[in-house]
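Here is a short report on a predicted model. Please look over the sequence and the fold before reading on.

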Amino acid sequence: KVSKPTPFSLNGRIESKQVSTLELPAGKVQEVRVQNGQSVHKGDVILTTWDSEKQESRDEIQQDLDKARRTQQSALSSLNAARQQLAGASSDDEGYRDLQNQVREAQSSYDDATSEVTADQTKLNSVSGRINNVLTAPYDGIVSVDDSKHDAPSITLYSSEKKAVASVSEYDYSKLSTGRKVEVRSLATGHVQESTVAFLSQ
């Protein structure tokens, strides 16, 4: 004979399954694109920031890059001139070996200048991508915006997915088990929804 679990009821509350205070990206907040209590979807932009320190770094790197490009252009001109001199000389000419050495040195200088340009360009690309930043919603939910500090609002995201939380007496604890089906009824609306026990605290 299979016995059915004895039905009983518990009082509890409905909470968001996830609650996160979102970490703001670096920089000064430029624009808050949501209002307090607004629903958002995963990936929606919540706010944008501008990082003045990264902007200053970008300006400095840009100056270094411009200088490196001028050095590269000068090295290329020297390399082309050395090549022309070598091309116009005969291998039997006195000083031919010196011309070969000049070409090798000019090539080396050009290669070094090109490497410097590449390195500065990589730095510039990296910093440029971190000047203007965005904070996006990591999941669907409702945002709470505390803008009491205008330059650094606190953003909390409450997930759309909910959970029911209830306290169980020692007497009723043995009647529950993880995975057991339960009915959750709203006292305000009378709406009933079936669910399962996901977690029992020891």
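## The β5–β6 pairing

β5 and β6 run antiparallel and are joined by five bridges. Within this pairing, Leu-47 has Leu-135 of β6 as its bridge partner.

## The β3–β5 pairing

On to the other pairing of β5. β3 and β5, the latter spanning residues 45–50, also run antiparallel, here with four bridges. Val-32 has Leu-47 of β5 as its bridge partner. Lys-28 is bridged to Trp-50 of β5. Leu-47 thus appears in both pairings: with Val-32 and with Leu-135 of β6.

## The sheet as a whole

These pairings belong to an open sheet of three strands, in the order β3-β5-β6, with antiparallel pairing. β3 (28–32) and β6 (132–136) are the edge strands; each has a single partner strand, so one side of each lacks a neighbour in the sheet. From one strand to the next, the twist averages 30 degrees.

## The largest nonpolar core

Which residues make up the largest nonpolar core? There are twelve: Leu-22, Val-34, Val-40, Ile-46, Leu-47, Leu-135, Ala-137, Tyr-139, Val-143, Val-145, Ile-155 and Leu-157. At least two residues of this core come from each of β5, β7 (141–146) and β8 (154–159). The bridge partners Leu-47 and Leu-135 are both among the core residues.

Val-145 is a core member with a set of contacts beyond its neighbours within four places in sequence. Those contacts are Val-34, Gln-35, Asn-36, Pro-153, Ser-154 and Ile-155. Among them, Val-34 and Ile-155 belong to the core too.

## The second core

A second core of seven residues is separate from the largest one. Its members include Leu-79, Tyr-96, Val-103 and Ala-106.

## Helix α2

α2 covers residues 96–128, with 33 residues in the helix. From its first C-alpha to its last it reaches 48 Å, close to the 48 Å expected at 1.5 Å a residue.

Which residues of α2 are buried? They are Tyr-96, Leu-99, Val-103, Ala-106, Ala-113, Val-117, Asp-120, Leu-124 and Val-127. The cover over these buried residues includes α1 (52–87). Tyr-96, Val-103 and Ala-106 of this buried set are also members of the second core. Leu-79, another member of that core, lies within the residue range of α1.

Note on methods:
Residues numbered from 1 in each chain as written. Predicted model: local features only at pLDDT ≥ 70, side-chain atom pairs only at ≥ 80, totals over all residues. Heavy atoms only, no water. Pairing = 2+ DSSP bridges. Axes fitted to C-alpha atoms, helices over the stretch in contact; angles between N-to-C directions. Expected span 1.5 Å × (residues − 1). Buried < 20%, exposed > 50% of the residue type's maximum accessible area, 1.4 Å probe, protein only. Contact = heavy atoms within 4.5 Å. Core = buried A, V, L, I, M, F, W, Y, C linked by side-chain atoms within 4.5 Å.
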